[in-house]
Amino acid sequence: MSSKIINIIKNSKEYSLEIAEHLKTELEKYGYKTTCEFDSEAELCISVGGDGSFLKSVRDNNFPQIPFIGVNTGTLGFYPELSPEDIDFFVREYIKGNYSLNKLNLLKGEIHSEKLKDEIYAINDISIKNEICKAIHLAVFIDDNHLQTISGDGVIISTPMGSSAYNYSAGGSLVYPSLNTMQITPIAPLISNAYRCLSSGVIVPPKTKIVIKPELDYIDSAVLCVDGESYIVNKLQKCDFFISEKTITILSLGTFNYWKVIKDKFL
Ligand code: NAP
Ligand code: MN
């Protein structure tokens, strides 16, 4: 695995360019070759930016099996374990092999539309919403049982790592990252005598299949949002969700403490 090549994937912020240069200099001192063009032979990918950049660096390179770590130059930075001031420490620990590799299962969405069947993968979440300003009506099935119909702005299916993102804004629960679950959370649901759904998120066990099916009148206007990126489908008949066998690998120096991150970044 030791190719001595390291991908440095940065966003376009000036501060990120500066930090990427610092990383490059430090790594080259130890004989590493760094590249900002994605090299599939690399032994490590370092994302320089915030969460958005981290997610994009993994997605744009098609969920490679190369480990990822992030340096946070962004606004929140839940995924990036390192701060810019940790770079020298990181390089020293990395060359000593003082790190662990942790796998994260992706969320898989199987899209069934009028003309196509497609598979999409997410690190945080996949949401289904209405592209126009009307409420959308979505039937929710868990392992082929109809549980509820959500009427409102839409629904979010999130992974544990994604539970602190859109899911949390929509009133969903924080889920510890090592739990193998998905959470279904309505977005601003109508709760009235006309429409009713569970007002909280629902957390399902592994191997569950969640199916979200727009009601007939909404097939034309349903849109998907995958880790914050739009995915336009022509006539979405349904989307099946699973915890995928497919994983990405996060490299950690062991300094990531979930509860500390939650307290520091959310309270
Ligand atoms: P964005 O709209 O810039 O992201 C919204 C915020 O969520 C940013 O501050 C981002 O951090 C943070 N974030 C991303 N993943 C997170 C996680 N797992 N835990 C805690 N916070 C997280 O878009 P983006 O940066 O490309 O991120 C994509 C994510 O945005 C989507 O997966 C979705 O969960 C989320 N989103 C949230 C809302 C909402 O809360 N109302 C609406 C749409 C999308 P950085 O500042 O470090 O980038
Ligand atoms: Mn962002």
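A residue counts as exposed here when its relative accessible area is over 50%, as buried when it is under 20%, and as partly exposed in between. Keep in mind throughout that this is a predicted model.

1. Cysteines first. By that yardstick C133 is exposed, because its relative accessibility comes to 86%. You might wonder why the sulfur of C133 has no bond to the closest cysteine sulfur. That closest sulfur belongs to C225 and sits 15 Å away, which is too far for a bond. C225 has no disulfide either: its nearest cysteine sulfur is that of C239, at 13 Å. Searching the whole structure turns up zero disulfides.

2. C239 comes back when you look at strand β16, where it is the bridge partner of I212. I212 belongs to the β13 side of that pairing: β13 covers residues 210-214 and is joined to β16 by three bridges, with the two strands running antiparallel. On β5, residues 100-113, the count is 13 bridges to β16, again in the antiparallel sense. One of the matched pairs there is E110 with D240 of β16.

3. Is β16 mostly covered or mostly open? Mostly covered: this strand spans residues 236-252, and twelve of its 17 residues are buried.

4. Now the open sheet. Its six strands come in the order β12-β11-β10-β7-β14-β15, and their pairing is antiparallel. The edges are taken by β12 (202-204) and β15 (229-231); each has a single partner strand, so one side of each is left without a neighbour in the sheet. On average, neighbouring strands of this sheet are turned by 20° against each other, ignoring direction. As a reminder, strands of a sheet pair through backbone hydrogen bonds, in either a parallel or an antiparallel way.

5. At the β12 edge, the partner is β11 (residues 182-187), and the two are held in antiparallel register by three bridges. If you want a spot to click on, go to M182, whose bridge partner in β12 is V204.

6. Just before β11 there is something to look at on the surface. Y176 sits in the loop between α4 (166-169) and β11. Together with L179 and W259, Y176 makes up a nonpolar surface patch with about 340 Å² of accessible area. Y176 itself counts as partly exposed, because its relative accessibility is 35%.

7. On to charges. How many salt bridges does a search of the whole structure find? The search finds eleven. A local one pairs K24 with E28, with the closest N and O atoms 3.2 Å apart. These two are four residues apart in helix α1 (residues 14-29), which means that about one helical turn separates them. Both ends are partly exposed: K24 at 29% relative accessibility, and E28 with a relative accessible area of 37%.

8. Compare that with D227 and R59, whose closest N and O atoms are 3.0 Å apart in a salt bridge. D227 is in the loop between β14 (222-226) and β15, while R59 is in helix α2 (residues 51-60), so the pair ties together parts that lie 168 residues apart in sequence. Are these two buried or exposed? D227 and R59 are both buried.

9. The salt bridge between the side chains of D144 and K209 has an N to O distance of 3.4 Å. It also links distant parts of the chain, 65 residues apart: D144 is in the loop between β8 (136-142) and β9 (145-152), and K209 is in the loop between β12 and β13. D144 is exposed, at a relative accessible area of 60%, whereas K209 is partly exposed, at 21% relative accessibility.

10. There is also a small group to note: K108, E110 and E119 are joined into one network by salt bridges that share partners. E110 is the residue already met as the bridge partner of D240 in β16.

11. Last one, on a glycine. G49 is in strand β3 (residues 44-49). G49 counts as buried because its relative accessible area is 0%. The C-alpha atoms of G49 and L17 are separated by 9.5 Å, with their positions 32 residues apart along the chain.

Notes:
Residues are numbered from 1 along each chain as its sequence is written. Chains are lettered from A and ligands numbered from 1 in the order in which they are written. This is a predicted model: local features need pLDDT of at least 70, side-chain atom pairs count only at pLDDT 80 or more; totals for chains, interfaces and linings use all residues. Side-chain values use heavy atoms; hydrogens and water are left out. Two strands pair if DSSP finds at least two bridges between them. Axes are lines fitted to C-alpha atoms, for helices over the stretch in contact, and angles run from 0 to 180 degrees between N-to-C directions. Patches are made of residues with over 30% relative accessible area and no salt bridge: like charges are joined within 9 Å, nonpolar side chains (Val, Leu, Ile, Met, Phe, Trp, Tyr) within 5 Å. Accessible areas come from the Shrake-Rupley method with a 1.4 Å probe; for residues, only the protein chains shown count as cover. A salt bridge is a side-chain nitrogen of Lys or Arg within 4 Å of a carboxyl oxygen of Asp or Glu. Buried means under 20% relative accessible area, exposed over 50%, partly exposed in between (1.4 Å probe, protein chains only). A disulfide is a pair of cysteine sulfur atoms within 2.5 Å.
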